[in-house]
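This briefing collects computed features of one protein model, grouped by topic. Please read the points alongside the sequence and coordinates shown here.

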Amino acid sequence: MLQRNQLGFDFHPSAGSPPVEWRIEPGLVPYSDALAVMDARSTAIRDGPAREMVWLVEHPPLYTAGTSARPGDLLEPDRFPVFAAGRGGEYTYHGPGQRVVYVMLDLKRRREDVRVFVGALEEWIIRTLDRFNVKGERREDRVGVWVVRPDRPPLAPGVPAEDKIAAIGIRLRRWVSFHGIAINVEPDLSHFSGIVPCGIAGYGVTSLVDLGLPVTMADVDVALKQGFEQVFGPAATD
């Protein structure tokens, strides 16, 4: 069986497709509002003339539960509001300082392969991090993007510590994607302690600023757009 990093990640659209709409939302977006926007836009992409869209947001502090979330992984249920997300995966945290990117793409115009789509999202994150000289890595048994932490005690002899820097959680409806990725720029990392992030225990969580980089959200947004266009094709801000 091919590994994810052997599959190729060309997710450009078919010829003649318009550029993806690239939208950066100011302020903190309530999570229920984000769900409503994604639901409406994904339906319009499939049923009407709406363009594909990538929507960059920040949320107030909250936890979301994916379709595989286990109740025992919500360690502090009263700490922040908890939302049923409807995406794949388990519990995750969203909050200020974390760039959440909702990806509404029509895979029928691109490639009807969920596994390779997830790999393309990972590749996008890795290319984004590379612009800050951060080496993001895939793990075959763990979705998301990870960084090795040689400055931390090893997990076991010869096994270096690793922290998660970016999460992926998607949903497809009639081959249109929604939900997406989240990159930790400068969130309060203590907020992750109220859950077992993505159901994976034994690993830490980090951010670009935690790694010692004086990076702003605007810096990350520029890198995200550049990386997106390499993997998925043109995007335009209206």
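At the start of α2, which backbone nitrogen does a side-chain oxygen of D113 reach? In this model, which is predicted, the answer is the backbone nitrogen of R115, to which the D113 oxygen comes within 3.2 Å. The points below take up the helices, then the nonpolar cores, the salt bridges and two buried residues in strands.

**Helix α2**

- The 17 residues of α2 should span 24 Å at 1.5 Å a residue, and the end C-alpha atoms of the helix are indeed 24 Å apart, so the expected and modelled lengths agree.
- Of the 17 residues of α2, 13 are buried, and the helix is therefore largely enclosed by the rest of the structure.

**Helix α3**

- For helix α3, which runs over residues 217–232 and has 16 residues, a rise of 1.5 Å a residue predicts a span of 22 Å, in agreement with the 21 Å that separates its end C-alpha atoms.
- The buried residues of α3 are M217, V220, D221, A223, L224, G227, F228, V231 and F232; because they cover an arc of only 165° around the axis, they lie on the same side of α3.
- That arrangement can be read against the general geometry of helices: an α-helix has 3.6 residues a turn, so residues three or four places apart point the same way.
- The elements that cover the buried residues of α3 include the strands β1 (20–28), β2 (53–58), β6 (98–104), β10 (176–184) and β12 (235–236), together with helix α2 (114–130).
- Just after α3, the backbone at G233 adopts a positive phi of about 105°.

**Nonpolar cores**

- The largest nonpolar core comprises 39 residues, and those with the most contacts inside it are F117, L121, W124, L224, F228 and F232.
- At least two residues of this core are supplied by each of β1, β2, β6, α2, β8 (142–149), β9 (161–173), β10 and α3, and the largest share, nine residues, comes from α2.
- L121 is in contact with V103, I168, I170, I181 and F232, when residues up to four places away in sequence are not counted.
- Apart from the largest core lies another core, of 17 residues, among them Y31, I45, M104 and A182.

**Salt bridges**

- How many salt bridges does a search of the whole structure find? The search finds 26.
- One of them joins the side chains of R41 and E21, with N and O at 2.6 Å; this pair links distant parts of the chain, since R41 belongs to helix α1 (residues 31–47) and E21 to strand β1, 20 residues apart.
- Both partners of that bridge, R41 and E21, are buried.
- Within helix α3, E229 forms a salt bridge with K225, the closest N and O atoms being 3.3 Å apart, and the two residues are four residues apart, about one turn of the helix.
- E229 is partly exposed, with a relative accessible area of 31%, and K225 also counts as partly exposed, at 23% relative accessibility.
- Elsewhere, salt bridges that share partners join K135, E137, R139, D141, R142 and E162 into one network.
- In that network, the side chains of D141 and R142 meet at 3.7 Å, N to O; D141 is exposed, with a relative accessible area of 65%, whereas R142 is buried, with a relative accessible area of 8%.

**Two buried residues in strands**

- H94 is found in strand β5 (residues 91–94) and counts as buried, because its relative accessibility is 6% and the cut-off for a buried residue is under 20%.
- The side chain of H94 makes a polar contact of 2.7 Å with the side chain of Q98, and H94 also touches Y31, H59, P60, P61, L62, T64, V100 and A182, residues up to four places away in sequence being left out.
- W22 lies in strand β1 and is buried, with a relative accessible area of 3%.
- Leaving out residues up to four places away in sequence, W22 touches V54, L56, W124, D221, L224, K225, F228, A235, A236 and T237.
- W22 and T237 are 215 residues apart in sequence, yet their C-alpha atoms are 4.9 Å apart in space.

Definitions and conventions: Residues numbered from 1 in each chain as written. Predicted model: local features only at pLDDT ≥ 70, side-chain atom pairs only at ≥ 80, totals over all residues. Heavy atoms only, no water. Expected span 1.5 Å × (residues − 1). Buried < 20%, exposed > 50% of the residue type's maximum accessible area, 1.4 Å probe, protein only. Arc of directions from axis to C-beta. Contact = heavy atoms within 4.5 Å. Polar contact = N/O pair within 3.5 Å; in protein donor to acceptor, adjacent residues only side chain to side chain. Core = buried A, V, L, I, M, F, W, Y, C linked by side-chain atoms within 4.5 Å. Salt bridge = Lys/Arg side-chain N within 4 Å of Asp/Glu carboxyl O.
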